Amino acid sequence: MKTEPIATVRNEFKSPEFIKEADKIISKIEFNDDFAEGLYKIENQQYIDVIFYFHRSEDYDLVTQIFTGETRGVFASRSPRRPNGLGVTTVKLIRRENNTLVVSGLDALDGTPVVDIKPSDFSFMRGLDFIDDTPINNPRFDVEKYISRGQTDKLLMMSAQIHGHYCPGLSMGVMATTHAMVEMKHESDGMEDLLAVVETNNCFSDGVQLVSGCTFGNNALIFKDYGKNAVSLVTRDGNGIRVIGRNDMRSHINQLFPEFEMLFRKVVVEQNHDQKLVTSFRDASREASFGLLRLPFDELFISNRIQITVPAYAPIEHSLECEHCHEMFMASRGKQHNSEIICNACLGVHHPFLDGHGIHTVQWSK
């Protein structure tokens, strides 16, 4: 086979690196004069497929690690280290400027040789099973995709589905955890091999759970009631990344989004739930939430490598039936009392509980 470059990519990326928000990258594809005539009527296309050569990659690996740390065959990945060194990306065609195409979403370095371009055809995908089955085979498919592309706006929208609304705290959790996931390069399947240690139970923690996949339900989320906007992602050996908001983060956010701060005080702090005020607050909160995502990470956070001691895997306990309330309970949450098996609830045994004020070790007042 013989290939001849037809064009060259021009953009800001000079060396291989993690490309954040790849869909927003603007690139120019400059065509060689000999092939420029082939661009006739290409401006009628909305999306095009760009086939290019990984000119900076040497050799190849048939088995490789992808972004999440999972091991795959090269043909089940988008690794640039490929037998024939070819990459294919579907991009949005913004406009044509004579012999140059301006596109968005091209994940290729400056100077990359382009070997072919053709209109994207999505029609053949209609009805194909793999489109519907992907989330079944990998429930975190979309989350992993958005992390790898740095699309924190998509992750924020997904987080808001469980959080109920947009707010800067949620955005901070998304940003901090996305950074840690990229640095860790470890998949999260909820099997406790990747753990998240969160140090607050405010909005920040919901962004942590969505992006990391570590939750209370799968025992991969550890809560330390320190009241700090911080999260640590660690593997079973205790090595990982801790990300914490800078000391001036709150004042910085207030300066950037003063309307949000003013409405936050009225609606949340003072509990003024006037409907017009609440609507304005939601609008300002949404604007501030997405606005934060556009700020440089280092402007808001500090990130450090850490080594900590992690707990053993969560025990699998059998269930018993309480002979008083006749409800099933975990065997460790009750005991035999006067020859009967009784749950702690019926025994009146108090367990610490978590609410908006933190962890409590005393009973609620009656």
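I count a residue as buried when its relative accessible area is under 20%. I am working from a predicted model.

**Entry: helix α5**

I looked up helix α5, which spans residues 204-212. How many of its residues are buried? I found 9 of the 9 below the cut-off, so the rest of the structure largely encloses α5. The buried set runs F204, S205, D206, G207, V208, Q209, L210, V211 and S212. I then stepped just past α5, where G213 has a positive phi of about 75°.

**Entry: S212**

I went to S212 next, which belongs to helix α5. Its relative accessible area is 0%, so S212 is buried. I asked which backbone atom its side chain reaches. The S212 side chain comes to 3.0 Å from the backbone nitrogen of C214. I listed the contacts of S212, leaving out residues up to four places away in sequence. They are R140, T177, M181, S188, L194, A196 and L233.

**Entry: S188**

S188 was on that contact list, and I followed it up. Where does S188 sit? I placed it in the loop between α4 (168-184) and β9 (194-198). S188 has a relative accessible area of 6%, which is under 20%, so I count it as buried. Its side chain reaches the backbone oxygen of S212 at 2.4 Å. Beyond four places in sequence, S188 touches R140, M181, L194, S212, G213 and C214. R140, M181 and L194 are thus on the S188 list and on the S212 list. I also checked S188 against A76, 112 residues apart along the chain. Their C-alpha atoms are separated by 18 Å.

**Entry: E192 and D59, two positive phi values**

I noted E192 in the loop between α4 and β9, where I had also placed S188. E192 is not a glycine, yet it has a positive phi of about 70°. Buried or exposed? E192 is at 10% relative accessibility, so it counts as buried.

I noted D59 as well, with a positive phi of about 60° although it is not a glycine. D59 is in the loop between β3 (47-53) and β4 (63-65). At 58% relative accessibility, D59 counts as exposed, because the cut-off for exposed is over 50%.

**Entry: F223**

I looked up F223 in strand β10, residues 221-223. F223 has a relative accessible area of 16% and is therefore buried. Its contacts beyond four places in sequence are V198, E199, T200, N201, F216, L354 and I359. I checked the spacing to L233, which I had met as a contact of S212. F223 and L233 are 10 residues apart in sequence and 12 Å apart in space, C-alpha to C-alpha.

**Entry: R305**

I moved to R305 in strand β13, residues 301-307. R305 is at 58% relative accessibility, so it counts as exposed. What does R305 touch? I found E183, M184, G240 and I241, with residues up to four places away in sequence not counted. R305 and V234 are 71 residues apart in sequence. Their C-alpha atoms are 9.7 Å apart in space.

**Entry: α7 against α8**

I turned to helix packing. Two packed helices are described by the angle between their axes and the distance between the axes. Helix α7 covers residues 258-269 and helix α8 covers residues 275-293. They pack at an angle of about 135°, with axes 9 Å apart. Why do I call them oblique? The angle is not over 145, the cut-off for roughly antiparallel, and it lies outside the 65 to 115 range for roughly perpendicular, so oblique is the class. The crossing of α7 and α8 is left-handed.

I listed both sides of the contact. From α7 come E259, F260, L263, F264, K266, V267 and V268. From α8 come L277, V278, S280, F281, A284, S285 and A288. By class, this contact has 10 nonpolar, 2 polar and 2 charged residues.

**Entry: α3 against α8**

I checked helix α3, residues 152-163, against α8 too. Their axes come within 9 Å and cross at roughly 140°. This crossing is right-handed, whereas that of α7 with α8 is left-handed. Which residues make the contact of α3 with α8? I found T152, D153, L156 and M157 on α3, and S289, F290 and L293 on α8. They divide into 4 nonpolar, 2 polar and 1 charged.

Note on methods
Residues are numbered from 1 along each chain as its sequence is written. This is a predicted model: local features need pLDDT of at least 70, side-chain atom pairs count only at pLDDT 80 or more; totals for chains, interfaces and linings use all residues. Side-chain values use heavy atoms; hydrogens and water are left out. Helices (H or I, at least four residues) and strands (E, at least two) are DSSP runs, numbered from the N terminus. Buried means under 20% relative accessible area, exposed over 50%, partly exposed in between (1.4 Å probe, protein chains only). A polar contact is a pair of N or O atoms within 3.5 Å; within protein, one must be able to donate a hydrogen and the other to accept it, and residues adjacent in sequence count only if both atoms are side-chain atoms. Contact means heavy atoms within 4.5 Å. Axes are lines fitted to C-alpha atoms, for helices over the stretch in contact, and angles run from 0 to 180 degrees between N-to-C directions. Angles under 35 degrees count as roughly parallel, over 145 as roughly antiparallel, 65 to 115 as roughly perpendicular and the rest as oblique. A crossing is left-handed if the near helix is turned anticlockwise from the far one by less than a right angle, and right-handed if clockwise. Ala, Val, Leu, Ile, Met, Phe, Trp, Tyr, Cys and Pro count as nonpolar, Asp, Glu, Lys and Arg as charged, and the others, Gly among them, as polar.
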